[in-house]
Amino acid sequence: MLARLFLITSFFLPLLVSAHSAFWHPSMFGFDVVAETFDYDNRPVVPIKNMEFNKWWFHNHLDHPPQPGVFFELPAGQAATAEIACNKGATSYFNSSEGGDIRDPNNPNNVCPNSPTTAYHTNGLDDVAGCALAISYTSDERAIQPKDFTVFSVNQTCVWTRFTDFHVPARMPACPPGGCLCAFFWVHNADSGGEENYMNGFRCNVTGSVSDVPLATPKVPRRCGSDDANRKAFDVPSNCTYSAKQPFYWFNNERNNMFEGDYSPPTYGDRYNFLDGAQDDIFEDSYDDLPDPSPTSALPILSNITDQLTASLSNLPSLLDLTDSLARRNFDNSTEYRALVTSRERRRRPRRYSTPSRLAHSQVVSK
Ligand SMILES: [Cu+2]
């Protein structure tokens, strides 16, 4: 009986250790960490959960910094392409991986060659939950705190392709001389694998910056969108956190900012007002009015509307089409349309930020 149990266990073990996913780039902390580096398996792909702060923060890789001068570049107003994979050998950096090149010759976008998609916690494209990049305008990895990270880009169809685009807001200011600190965050859906989350820190630098307006102080994201699984049929837009938002710190023993249960994971999607693409409203001047969110609050008023978001107005009542995560969200505030959210396509159009042409709100409303 015991022998049989052992056989079963050893049969399934390889599947378990080959799963998960990480952001891979030489700018990351822990780029060269392998299974033996720590007295526990602390490879970048290993999920973080139920851990003390120093064990989950930056994946406990602060003592394994990148080479000096190595940054992940964030071109303002354009996409930065990251590599996300379940093993370093499945990325362009296979040279320094334990097992060598395991990239899929037939599909360069394969996140986890020779594994089912459940290895990276999805049952299919309709089950991806999104991931995010966050930034802090400091170079000092010993000083940075969880509250200092702001999510600046979301890819809602993540983890699905090894090459994953993160659109960078056009108004991102330049980093300090030593660069910025960034991190990749991912929480998968509840349907494929036990709950866990992911964080990989890295050094980053904004290039082609055209604005010096700082980011607003990031706040904790709020669950405000519809949610069929939990029988919430409607979005409650006034209950969302707008402007700069912190990443989710969840499922660890210390310093969490989210307290959702196993089957309601906080995910980087519309439900938490993390729209797909560049997070264009994260700056100090992004809003003229930003009331504290609640189910009965007024909606925030965007400043500088033409530049920040290409407004798309509609008379329809708000109801998010769950089946299409890219669907436009229409907010009907009955008398005025105030917070405007646009589709992925619209927001990714190149825009000019040089002229601060402020549209009067009456103009917008009367459209
Ligand atoms: Cu996992």
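The following paragraphs lead from the overall make-up of this chain to its sheet and its nonpolar core. The model is predicted. Its secondary structure amounts to five helices and 11 strands. Of the 367 residues in the chain, 42% are buried. Among contacts with a separation of 6 or more, 74% join residues that are 24 or more positions apart.

The sheet is considered next. Strands of a sheet pair through backbone hydrogen bonds, in either a parallel or an antiparallel sense. Here, six strands form an open sheet, and their order is β2-β8-β7-β4-β5-β9. The pairing within this sheet is mixed. Its edges are formed by β2, residues 72-75, and β9, residues 277-278, each of which pairs on one side only.

Within the sheet, β7 (residues 180-187) and β8 (residues 197-207) are antiparallel partners, and eight bridges connect them. Cys-180 has Cys-204 of β8 standing opposite.

Strand β7 also leads to the interior of the model. The largest nonpolar core comprises 71 residues. The members that touch the most other members are Cys-86, Ala-132, Ala-134, Val-159, Cys-182 and Phe-185. Several strands each supply at least two residues of this core: β1 (22-24), β2, β3 (79-85), β4 (131-136), β5 (150-155), β7 and β8. The largest share comes from β7, with eight residues. Strand β7 therefore has two roles in this description, since by the DSSP assignment of strands the run at residues 180-187 pairs with β8 and also supplies eight residues to the core.

Notes
Residues numbered from 1 in each chain as written. Predicted model: local features only at pLDDT ≥ 70, side-chain atom pairs only at ≥ 80, totals over all residues. Pairing = 2+ DSSP bridges. Helix = DSSP H or I, 4+ residues; strand = E, 2+ residues; numbered from the N terminus. Core = buried A, V, L, I, M, F, W, Y, C linked by C-beta atoms within 7 Å. Buried ≥ 20, exposed ≤ 12 C-beta atoms within 10 Å, placed from the backbone. Contact = placed C-beta atoms within 7 Å.
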